[in-house]
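I opened this entry to keep track of what I looked up, region by region. My notes follow the structure below.

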Amino acid sequence: MASHGLAYDGCNFFRQRLVLSTLSGKRVKIKNIRSKDDDPGLRDFEASFIRLLDKVTNGSRIEINQTGTVLFYQPGLLSGGPVEHDCNTQRSIGYYLEALLMLAPFMKTPLRATLKGVTNDPLDPTVDLLKSTALPLMKTFGIDGEGFDLKVVKRGMAPGGGGEVVFTCPVRRTIRPVQLTDPGKIKRIRGVAYSVRVSPQMANRLVESTRSILNKFIPDIYIYTDHMKGANSGKSPGFGLTLVAETLNGSFLSAEMSSTPQGQGGPILPEDLGRNCAKMLLEEVYRGGCVDSSNQSLALLLMTLGQQDVSKVLLGPLSPYTIEFLRHIKDFFQTMFKIEVQKPSEDERKGGDKVLMTCVGVGYSNINKTIK
């Protein structure tokens, strides 16, 4: 695959391909995007994602055929700066934010992105989850500073949306390699129980039912209740919970659930949601590793882009999305990971099988950043 770029088929892993293309500077052509569907071509949320990419880059060339089934993307330079974007409400802001987290450190000027839309839905990682897991993960890779923040200004539940978040990120010239091989034991659990346009009592019921399970394991639990009122509560009613378990060595494992969006499927009781979410957190702790399953690909990307030195990260079982991401990293950066499966011994009680991922960084350097 020479400089004429890479070709892919179908609409799967659409964000992965465009993000890696932007970082590596390699062109991408994606064809047969839902070409056999009754309604062929790109969906509105994917078109919205392309527009967001266009806003944070300078000089990208994007060509889409009439039916929307073929996309050609030639990445420009990452420019950054202040960006405002109305995210399509078919997917939550998390869908767009996951990609921005991967691109933000390599902008020319620090990014300040204001994203509007759905902050919490059952499909994508919510803004709360990314704030409490992805940001600390990026800090371990040396992406840090005063301007590194993710604020929820307004909450918006699916399907109506009406939420708003502000993401600011400093630029980095290089990414430092990491050795995250021992997560350590869980020392505390933190969480956010949020409710909008429903009784504030919902959040308290969530907290109580969650505690009924987690209190058996650890005393240090604090779940913050967040009830937004008036204009800040978006357009649709709903509630949900994000839980994060922090380990002694500073790893974060998380789980979350949101109520069923209004008009879709049966209602769920806050008690059930709280208990299910607590069980999901325990499941995530069992899978373990230094990075939880929702941030595996972010960790692997930052390892790939690190300085030319060895990075090691211990993960739980790889998700199908992560496996595909590894294939794409090989296509765009020619980087291969060494993968070793580690089985915990019976007496240790350290949960399920783990995978130790090792790679040598490509020594990616931010060419966009102006030297002062």
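**Insert domain.** I started with the record. UniProt, in an unreviewed entry, places "domain: RNA 3'-terminal phosphate cyclase insert" at residues 181-285. I kept in mind that the model is a predicted one. Over residues 181-285 I found 29% helix and 34% strand. The end C-alpha atoms of that stretch lie 15 Å apart.

**Helix 5.** Next I checked helix 5, residues 201-214. I asked what span its 14 residues should give at 1.5 Å a residue. The expected figure is 20 Å, and the end C-alpha atoms are 20 Å apart, so the two agree. Then I listed its buried residues: M202, A203, L206, V207, S209, T210, I213 and L214. What do they pack against? I found three strands and a helix as partners: strand 12 (186-196), strand 13 (221-228), strand 14 (238-247) and helix 6 (270-287).

**Larger domain entry.** I went back to UniProt for the other domain. The unreviewed entry lists "domain: RNA 3'-terminal phosphate cyclase" at residues 8-339. Over residues 8-339 the chain is 31% helix and 28% strand. The end C-alpha atoms of this range are 25 Å apart.

**Helix 2 and D54.** I moved to helix 2, which covers residues 44-56. Its 13 residues should span 18 Å at 1.5 Å a residue. I read 19 Å between the end C-alpha atoms, which agrees. The buried residues of helix 2 are F45, E46, S48, F49, I50, L52, L53 and V56.

I then singled out D54, which sits in this helix. Is D54 buried or exposed? Neither label fits: its relative accessibility is 40%, so D54 counts as partly exposed. Leaving out residues up to four places away in sequence, D54 touches S60 and I62. I also took the distance from D54 to G76. The two are 22 residues apart in sequence, and their C-alpha atoms are 8.6 Å apart in space.

**Cysteines.** How many disulfides does the structure hold? I counted zero. C169 is in no disulfide, and the nearest cysteine sulfur, that of C87, is 17 Å away. A disulfide needs the two sulfur atoms within 2.5 Å, so that pair does not qualify. C169 is buried, at 1% relative accessible area. C290 is likewise in no disulfide. For C290 the nearest cysteine sulfur belongs to C359, 15 Å away. C290 is buried as well, with a relative accessible area of 6%.

**Whole chain.** I finished with the overall figures. The secondary structure comes to eight helices and 18 strands. For 372 residues, a compact globule would have a radius of gyration near 21 Å. The protein has 21 Å, so it agrees with that rule. Along the principal axes, the C-alpha trace spans about 55 × 50 × 50 Å.

I also looked at burial. Of the 372 residues, 54% count as buried. The protein exposes about 16,600 Å², and carbon and sulfur atoms supply 50% of that area. Last, I checked how far apart in sequence the contacting residues are. Among contacts between residues at least 6 apart, 74% join residues at least 24 apart.

Methods:
Residues are numbered from 1 along each chain as its sequence is written. This is a predicted model: local features need pLDDT of at least 70, side-chain atom pairs count only at pLDDT 80 or more; totals for chains, interfaces and linings use all residues. Side-chain values use heavy atoms; hydrogens and water are left out. Helices (H or I, at least four residues) and strands (E, at least two) are DSSP runs, numbered from the N terminus. The expected span of a helix is 1.5 Å times one less than its number of residues. Buried means under 20% relative accessible area, exposed over 50%, partly exposed in between (1.4 Å probe, protein chains only). Contact means heavy atoms within 4.5 Å. UniProt positions are given in the numbering used here, feature names are shortened, and annotations may be inferred rather than shown by experiment. The radius of gyration is taken over C-alpha atoms; the globule rule is 2.2 Å times the number of residues to the power 0.38. Accessible areas come from the Shrake-Rupley method with a 1.4 Å probe; for residues, only the protein chains shown count as cover.
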